[in-house]
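The report below describes a protein model from its cysteines and overall make-up to its cores, helix contacts, salt bridges and surface.

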Amino acid sequence: MTKKKEFFSIFVLIVLFFITVNWTIVSGLFAETMKAVSPVIIGLGLAYITNIVMEFYERHYFPGSAKPIVKKSRRAVCLILALLSLIAVVALVIALVVPKFVECVKILITKIPGVVNDLLYNEKLIKLLPESIYDKMLETVLNFNIADYYPKLREFLKNGIGNGSGIMGGLSSTFSKIATAVIGIVFSIYMLATKDMLKRHTHLLARKYIPFNVRKTVYGFIRVLDGSFHSYIVAQCTEAVILGSLCAVGMLILRLPYALMVGAFIAFTALIPIVGGWIGAVVGMVMVFSQDAKNALIFLVFFIVLQQIENKLIYPKVVGTSVGLPGVYVFTAVTVGGTLFGVLGMLMAVPLTAAIYSVLKKDVHSSGHTILPVKAK
């Protein structure tokens, strides 16, 4: 080992020791840093997703034309078309689902008094509960008055204004998140509009300050990572459309209400791996329940069966095959990523694992080995 490597190893050990000893300070500093750069991270993610759609339009925007006006307008026109396409998808899902969902909630609210009345005077419930407990429950329900809770609500609002929690704290946090999202969107648009310039500047800096061998390795990994993320996003969208379509078709066959709307919403929420479909299913169950409790139970059983088929067959096949990752690694990546970093971890874990798997597979094969099992002769 050369002196340079020895010095580097000692330096790394010192840094790791410092981080371990001062973990509270370091973790707090990291959290504040991530909070500060969150608009940039959001912008990068939105720019990457939008760029996939934009590249599609760029390939079809007068591809053989050499006219200067076409070349100059290609980036702006395709960027606008990509943004409008994404906005249209979100707006369509909202227009389909939100009005009907609000209507269903209103129907449920109007049904609640009747359901409570039937429950309170149900003969089986009266016989099942002790008389003292039943009388107490009946007295509580009959004497319920929402006006009695107004003082508590005022106190909650007052405390919220004083210490930054409660309603005012929630509003402040909401506005902060909205501002972060808006800044991220604006940042992503700037990135996409000037992506050629940013790419050129990055390449010039890399050539100036990074050695050729290191640069070659980094560029290779970035290409693999880009391919994995691109394939994963396309596959995730495909899988979501398949799940939503199967849900809508199944509901139509079972003659359940709101089939197309529930299918569209489940397709939208299914963009979140594994758990996204269940988020849509909860909304769908509320909508179906507003019409008939029996149908809601049928929908729940149907969706559980559909989710098992999706988890065991569709998701590993569509997503795993697309990113070149075996199904068992897909589930492992989603589970570990979701446990450590929540929804963002689920979204990032699969393509990142696929990229590492691809690099390791290539490296192992180049050394004359194989990571695939050898068949016995």
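## Cysteines and basis of the model

A disulfide is taken here as a pair of cysteine sulfur atoms within 2.5 Å, and by this rule the count comes to zero disulfides. The structure is a predicted model, in which local features need pLDDT of at least 70 and side-chain atom pairs count only at pLDDT 80 or more, while totals for chains, interfaces and linings use all residues. Residues are numbered from 1 along each chain as its sequence is written, and side-chain values use heavy atoms, with hydrogens and water left out.

For burial, the cut-offs are under 20% relative accessible area for buried, over 50% for exposed and in between for partly exposed, with a 1.4 Å probe and protein chains only. Cys-104 is buried because its relative accessibility is 0%, whereas Cys-237, at a relative accessible area of 36%, is partly exposed.

## Overall make-up

The protein chain contains 13 helices and zero strands, where helices (H or I, at least four residues) and strands (E, at least two) are DSSP runs numbered from the N terminus. Read from that terminus, the order of elements is α-α-α-α-α-α-α-α-α-α-α-α-α.

Of the 377 residues in the protein chain, 26% are buried. Among contacts (heavy atoms within 4.5 Å) with a separation of 6 or more, 65% join residues 24 or more positions apart. The accessible surface of the protein chain, obtained by the Shrake-Rupley method with a 1.4 Å probe and, for residues, with only the protein chains shown counted as cover, comes to about 25,800 Å², and carbon and sulfur atoms hold 73% of that area.

## Nonpolar cores

A nonpolar core is a set of buried Ala, Val, Leu, Ile, Met, Phe, Trp, Tyr and Cys residues joined through side-chain atoms within 4.5 Å. The largest such core has 24 residues, and those touching the most other members are Cys-247, Met-251, Val-262, Ile-266 and Phe-299. At least two residues of this core come from each of helix H3 (68-120), helix H9 (212-253), helix H10 (259-269), helix H11 (276-289) and helix H12 (293-323).

Once neighbours within four places in sequence are set aside, Ile-266 is in contact with Leu-243, Cys-247, Gly-277, Gly-280, Ala-281, Phe-299 and Phe-303. Apart from the largest core lies another, of 14 residues, including Ala-235, Tyr-315, Val-334 and Ala-354.

## Contacts between helices H9 and H13

Phe-229 belongs to helix H9 and is buried, its relative accessible area being 14%. Leaving aside neighbours within four places in sequence, Phe-229 is in contact with Tyr-48, Met-348, Pro-351 and Leu-352. The C-alpha atoms of Phe-229 and Val-350 are separated by 8.5 Å, although these residues are 121 residues apart along the chain.

Pro-351 sits in helix H13 (residues 327-366) and is likewise buried, with a relative accessible area of 0%. Beyond residues up to four places away in sequence, Pro-351 touches Leu-225, Ser-228, Phe-229 and Tyr-232. A separation of 8.7 Å lies between the C-alpha atoms of Pro-351 and Asp-226, which are 125 residues apart along the chain.

## A salt-bridge network

With a salt bridge defined as a side-chain nitrogen of Lys or Arg within 4 Å of a carboxyl oxygen of Asp or Glu, a search of the whole structure finds four. The side chains of Glu-58 and Arg-75 form one of them, at 2.9 Å from N to O. Glu-58 lies in helix H2 (residues 23-60) and Arg-75 in helix H3, so this pair ties together parts that are 17 residues apart in sequence.

Glu-58 also forms a salt bridge with Lys-195, the closest N and O atoms being 3.9 Å apart. This pair links distant parts of the chain, with Glu-58 in helix H2 and Lys-195 in helix H8 (residues 195-209), 137 residues apart; both residues are buried. Asp-196 and Arg-75 meet through their side chains at 3.2 Å, N to O, and because Asp-196 is in helix H8 and Arg-75 in helix H3, the pair ties together parts 121 residues apart in sequence. Glu-58, Arg-75, Lys-195 and Asp-196 are thus linked in a network of salt bridges.

## A nonpolar surface patch

Patches are made of residues with over 30% relative accessible area and no salt bridge, like charges being joined within 9 Å and nonpolar side chains (Val, Leu, Ile, Met, Phe, Trp, Tyr) within 5 Å. Phe-7, Phe-8, Phe-11, Val-12, Leu-13, Val-15 and Leu-16 make a nonpolar surface patch of about 720 Å². Within this group, Phe-7 lies in helix H1 (residues 3-21) and counts as exposed because its relative accessibility is 62%.
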